[in-house]
Amino acid sequence: MSDHVDQCDACDAVCCRLTVTLQSEDDIPERFTDITDAGLRVMARDEEGWCVAIDAARMCCSIYETRPEVCRRFAMGGPYCREIRAEYADHGARGIPLIMY
Ligand code: SF4
Ligand code: SF4
């Protein structure tokens, strides 16, 4: 759907700044993962909060083919996508405290 591609192209991949909780079926290289204080295995994030699996030069997922289940379920152009983009537009990166389960 070209609409969706256009949306992501015009977006700073704000969904990739959410905490991504990993599921048992996810097969993600350990260098990309982290364990939270609460003991959850998550995608690691850089100092600015973006997932370390982002290919910053192309602003896309460098492990797209094997990306986590929650990333696969995230609907481009869906309510959650629109909501976090609106938050980001209004408040910048600090306005996105959301978590993807
Ligand atoms: S927030 Fe939505 S538009 Fe932006 S990269 Fe993620 S899915 Fe694409
Ligand atoms: S694994 Fe890929 S799709 Fe998921 S948050 Fe990280 S960069 Fe985004």
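Colleague: How do the residues of the shell around ligand 2 divide into nonpolar, polar and charged?

Modeller: Good place to start, and please keep in mind that this is a predicted model. The shell around ligand 2 holds 9 nonpolar residues, with no polar and no charged ones. Its members are Cys16, Val20, Met43, Cys51, Ala53, Ile54, Cys61, Pro68 and Cys71. Ligand 2 sits in the largest pocket.

Colleague: And which residues surround ligand 1?

Modeller: Around ligand 1 you will find Gln7, Cys8, Cys11, Ala13, Val14, Cys15, Phe74, Met76, Cys81, Ile84 and Arg85. Two elements, α1 (2–9) and α3 (79–91), each give two or more residues to this shell. The top contributor is α3, with 3 residues. By class, the shell around ligand 1 has 9 nonpolar residues, 1 polar and 1 charged. The space that ligand 1 takes is the largest pocket.

Colleague: Let me step back to the fold. How many helices and strands are there in the protein chain?

Modeller: The protein chain has 3 helices and 6 strands. Read from the N terminus, their order is α-β-β-β-β-β-α-α-β. For the packing, 34% of the 101 residues count as buried. Among contacts with a separation of 6 or more, 53% are between residues 24 or more positions apart.

Colleague: Now the aromatic residues. How is a pair of aromatic rings described?

Modeller: The general idea is to give the distance of the centres and the angle of the planes. In this structure, a search of the whole model finds 2 aromatic pairs. Tryptophan 50 and tyrosine 88 form one of them, with 6.4 Å centre to centre and 85° between the planes. That pair counts as edge-to-face because the angle between the planes is over 60 degrees.

Colleague: Where in the chain do tryptophan 50 and tyrosine 88 lie?

Modeller: Tryptophan 50 is in the loop between β3 (41–43) and β4 (54–55), while tyrosine 88 belongs to helix α3. The two are 38 residues apart, and their pair links distant parts of the chain. Tryptophan 50 is buried, at a relative accessible area of 13%, whereas tyrosine 88, at 22%, is partly exposed.

Colleague: What kind of pair do phenylalanine 74 and tyrosine 80 form?

Modeller: Their pair is tilted, with 5.4 Å centre to centre and 45° between the planes. Phenylalanine 74 has a relative accessibility of 13%, so it counts as buried. Tyrosine 80 is partly exposed at 28%. You have already met Phe74, one of the residues that surround ligand 1.

Colleague: Let us try a strand. Is threonine 33 in β2 buried or exposed?

Modeller: The general idea is to compare the relative accessible area with a cut-off, and buried means under 20%. Threonine 33 lies in strand β2 and counts as buried because its relative accessibility is 15%. Leaving out residues up to four places away in sequence, threonine 33 touches Leu22, Ile28, Arg41, Val42, Met43 and Ala44. Met43 is also among the residues around ligand 2.

Colleague: What does aspartate 34 contact, leaving aside its neighbours within four places in sequence?

Modeller: Aspartate 34 is in contact with Leu40, Arg41, Val42 and Ala44. Aspartate 34 lies in strand β2, residues 33–35, and at 40% relative accessibility it counts as partly exposed.

Colleague: And what separates the C-alpha atoms of aspartate 34 and threonine 21?

Modeller: Their C-alpha atoms are 9.8 Å apart, for a spacing of 13 residues along the chain.

Terms used. Residues numbered from 1 in each chain as written. Chains lettered and ligands numbered in written order. Predicted model: local features only at pLDDT ≥ 70, side-chain atom pairs only at ≥ 80, totals over all residues. Heavy atoms only, no water. Near = heavy atom within 4 Å. 1 Å grid on protein atoms, 1.4 Å probe; cavity = no way out; pocket = protein on both sides within 12 Å on 5 of 7 lines; lining within 4 Å. Sits in = over half its atoms within 2 Å of the grid points. Helix = DSSP H or I, 4+ residues; strand = E, 2+ residues; numbered from the N terminus. Nonpolar A, V, L, I, M, F, W, Y, C, P; charged D, E, K, R; others polar. Buried < 20%, exposed > 50% of the residue type's maximum accessible area, 1.4 Å probe, protein only. Contact = heavy atoms within 4.5 Å. Phe/Tyr/Trp six-rings, centres within 6.5 Å; stacked < 30°, edge-to-face > 60°.
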